[in-house]
Amino acid sequence: MAPRYYTVSWEQLHRDGKALAWRLMDKGPDGGPWRGVVAITRGGLIPAAIVARELDCRIIESISVVTYDEEERGKPQVVKPAEAAGDGEGWLVLDDLVDTGTTAKVVRALMPKAHFATVYAKPAGKPLVDTFVTEVSQDTWILFPWDTEQQFVAPIAKTAKS
Ligand SMILES: O=P(O)(O)OC[C@H]1O[C@H](OP(=O)(O)OP(=O)(O)O)[C@H](O)[C@@H]1O
Ligand SMILES: O=c1[nH]c(=O)c2nc[nH]c2[nH]1
Ligand SMILES: [Mg+2]
């Protein structure tokens, strides 16, 4: 289990997703619009929706790579390719985050000409990403709003005695 958590709310994800869209504004093929967006499911689906809305892009393809079972990393498996995107030329590939870069490597091998963007990045995966918004340390586990819910937390005075 990762030693620390970085909790992301829906509002923060929306804000960070829009910040990513700003960074991608002029990076389309020849400075023009993207041919389409490829969302890496499942984590990339909501960032893809936010960015596609901001960049006025209606073409959304998906690729499904299964790498983790909760916090356990396994061998990455492409269970659905992004056929419409070909080698990725002119396409924007989006994921929620890059961690070890395992998923990014698999996707880049399939779509070497695509622009690869994530909202969050950890140091080990950062070199595989063309554009991202926020970096967190390698030992941080990012907690997304779809994986969490609000619940009672005991007062500090009752939990901080050591
Ligand atoms: O850089 P890596 O070490 O490969 O980790 C990053 C990937 O791991 C998570 O996906 P996950 O495999 O948990 O699937 P999910 O998006 O369906 O939850 C995350 O959404 C990224 O796609
Ligand atoms: O929800 C997640 N948070 C993370 O930090 C992470 N790293 C790989 N896969 C991940 N999934
Ligand atoms: Mg994922």
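The following paragraphs describe the sheet, the helices packed on it and the surroundings of the ligand in this predicted model.

The sheet is open and consists of six strands, arranged in the order β4-β3-β2-β5-β6-β7 with mixed pairing. Its edges are occupied by β4 (72-80) and β7 (134-135); each of these has a single partner strand, so one side of each is left without a neighbour in the sheet. Strands β5 (residues 91-98) and β6 (residues 115-121) run parallel and are joined by six bridges. Within this pairing, Val93 has Phe116 of β6 as its bridge partner.

Two helices may be considered in relation to these strands. Helix α1 (residues 10-24) packs on the sheet and touches β5, β6 and β7. The direction of α1 makes about 145 degrees with that of β6. Helix α3 (residues 102-110) also packs on the sheet, where it touches β2 (36-41), β3 (60-69), β4, β5 and β6. In this case the angle is given relative to β3, with whose direction that of α3 makes about 140 degrees.

The strands and helix α3 reappear in the description of the ligand site. Ligand 1 is surrounded by 18 residues, of which Gly43, Tyr68, Asp99, Thr100 and Thr103 are the closest. Two or more residues of this shell come from each of β2, β3, β5 and α3. The most is given by β5, which contributes four residues. In composition, the shell around ligand 1 comprises six nonpolar, eight polar and four charged residues. Strand β5 thus appears both in the parallel pairing with β6 and in the shell around ligand 1.

Note on methods: Residues are numbered from 1 along each chain as its sequence is written. Chains are lettered from A and ligands numbered from 1 in the order in which they are written. This is a predicted model: local features need pLDDT of at least 70, side-chain atom pairs count only at pLDDT 80 or more; totals for chains, interfaces and linings use all residues. Two strands pair if DSSP finds at least two bridges between them. Two residues are in contact if their C-beta atoms, placed from the backbone, lie within 7 Å. Axes are lines fitted to C-alpha atoms, for helices over the stretch in contact, and angles run from 0 to 180 degrees between N-to-C directions. A residue is near a molecule or strand if its C-beta atom, placed from the backbone, lies within 6 Å of it. Ala, Val, Leu, Ile, Met, Phe, Trp, Tyr, Cys and Pro count as nonpolar, Asp, Glu, Lys and Arg as charged, and the others, Gly among them, as polar.
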